[in-house]
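Subject: Structure for you to look through

Dear colleague,

I am handing over the structure we talked about, and below it you will find what turned up when I went through it. Please keep the picture open while you read, so that you can look up each place as it is named.

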Amino acid sequence: MNTIQPRSRQTGVTLLEALITVIVISIGLLGLAALQGRALQENQGAFQRSLGSILAYDILDRMRANREAGKDGDYDLALDASKPTGTTVPETDLNQWRTSLENGLASGKGSVDCEAGVCTIVVQWFDKAVNEDMNDDDKVNDTDKTLSITLVSTL
């Protein structure tokens with residue numbers, strides 16, 4: 001006796017499973033893209049901090065090569081002062097240093113202050129990617145996005 005089994009009425013289940021799989025994979029890929037974007041942003045910030053540090057040591061090395069002028073205060077420069085335009089070695093060094101700051105860092109500026117053979121070098125720049133309240137005033141503004149590195153060293 002040969003009985004015929006009735007055909008199952010479930011159709012399209014495989015299509016529904018495929019659709020759910022595509023949605024899950026899409027969400028995963030969007031998360032991966034967001035993660036990659038954040039990593040690139042953090043790498044840019046790390047690059048800026050590294051460059052700021054390198055440039056701070058650059059002017060310190062220039063001052064150590066011209067130690068007497070450094071001790072005499074010939075390298076002293078305020079943060080908001082304009083670039084020196086003279087032809088002396090300290091003025092040329094400071095001009096080149098400030099140019100490197102401006103070209104390498106967004107709104108990059110720097111200052112040098114030497115007293116009794118101890119020099120304080122400040123490198124400052126603007127990082128638009130900062131989105132944290134760095135100074136605890138309950139808002140994220142340009143003050144939070146202005147970053148700096150301070151190097152204190154003897155000549």
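Aspartate 80 counts as exposed, because its relative accessibility is 67%, and the cut-off for that word is over 50%. Please bear in mind from here on that this is a predicted model. Aspartate 80 forms a salt bridge with lysine 109, in which the closest N and O atoms are 3.0 Å apart. This pair links distant parts of the chain, since aspartate 80 sits in the loop between helix H2 (67-71) and H3, while lysine 109 belongs to strand S1, 29 residues apart. Lysine 109 is partly exposed, because its relative accessible area is 28%. In general, side chains of opposite charge can pair when their charged atoms come close.

How many salt bridges does the structure hold? There are five of them, and a further one joins glutamate 102 to lysine 83, with the closest N and O atoms 3.5 Å apart. Here too the pair links distant parts of the chain, with glutamate 102 in helix H3 and lysine 83 in the loop between H2 and H3, 19 residues apart. Both partners are partly exposed, glutamate 102 because its relative accessibility is 42% and lysine 83 because its relative accessible area is 28%.

Another salt bridge brings together the side chains of aspartate 58 and arginine 62, at 3.2 Å from N to O. Aspartate 58 and arginine 62 both lie in helix H1, where they are four residues apart, or about one turn of the helix. Aspartate 58 counts as partly exposed because its relative accessibility is 23%. If you look around this place, you will see that Asp58, Arg62 and Asp93 are linked in a network of salt bridges.

Turning now to the sheet, you will find three strands in the order S1-S2-S3, which form an open sheet with antiparallel pairing. Strand S1 (109-115) and strand S3 (146-154) are the edge strands, as each of them pairs on one side only. From one strand to the next, the twist averages 15°. As a general point, the strands of a sheet pair through backbone hydrogen bonds, either parallel or antiparallel.

S1 and S2 pair in the antiparallel sense over seven bridges, and lysine 109, which you have already met in a salt bridge with aspartate 80, stands opposite glutamine 124 in S2. S1 and S2 also form a hairpin, with two residues between them, and alanine 116 in that turn has a positive phi of about 55°. On the other side, strand S2 (residues 118-126) pairs with S3 over nine bridges, again in the antiparallel sense. Among the partners, valine 118 is matched with threonine 154 in S3, and isoleucine 121 has leucine 151 in S3 as its bridge partner.

Two helices lie across these strands. Which strands does H1 lie across? H1 lies across S1, S2 and S3, and runs at about 30° to S3, whereas helix H3 (residues 89-104) lies across S1 and S2, running at about 140° to S1.

The contrast between two places in H1 may help you to see what buried and exposed mean in practice. Is glycine 52 buried or exposed? Glycine 52, which has its place in helix H1, is buried, because its relative accessible area is 0%, and the word applies under 20%. Apart from residues up to four places away in sequence, glycine 52 touches Leu105, Val123 and Ile149. Glycine 52 and glycine 104 are 52 residues apart in sequence, and their C-alpha atoms are 8.5 Å apart in space.

Isoleucine 23 is also found in helix H1 (residues 13-65), but it counts as partly exposed because its relative accessibility is 45%. Together with Leu16, Leu19, Ile20, Val24 and Ile27, isoleucine 23 forms a nonpolar patch on the surface, and the accessible area of the patch is about 580 Å².

With best wishes

Key: Residues numbered from 1 in each chain as written. Predicted model: local features only at pLDDT ≥ 70, side-chain atom pairs only at ≥ 80, totals over all residues. Heavy atoms only, no water. Patch = residues over 30% accessible without salt bridge, like charges linked within 9 Å, V, L, I, M, F, W, Y side chains within 5 Å. Areas by Shrake-Rupley, 256 points an atom, 1.4 Å probe, with all protein chains shown as cover. Salt bridge = Lys/Arg side-chain N within 4 Å of Asp/Glu carboxyl O. Buried < 20%, exposed > 50% of the residue type's maximum accessible area, 1.4 Å probe, protein only. Pairing = 2+ DSSP bridges. Axes fitted to C-alpha atoms, helices over the stretch in contact; angles between N-to-C directions. Contact = heavy atoms within 4.5 Å.
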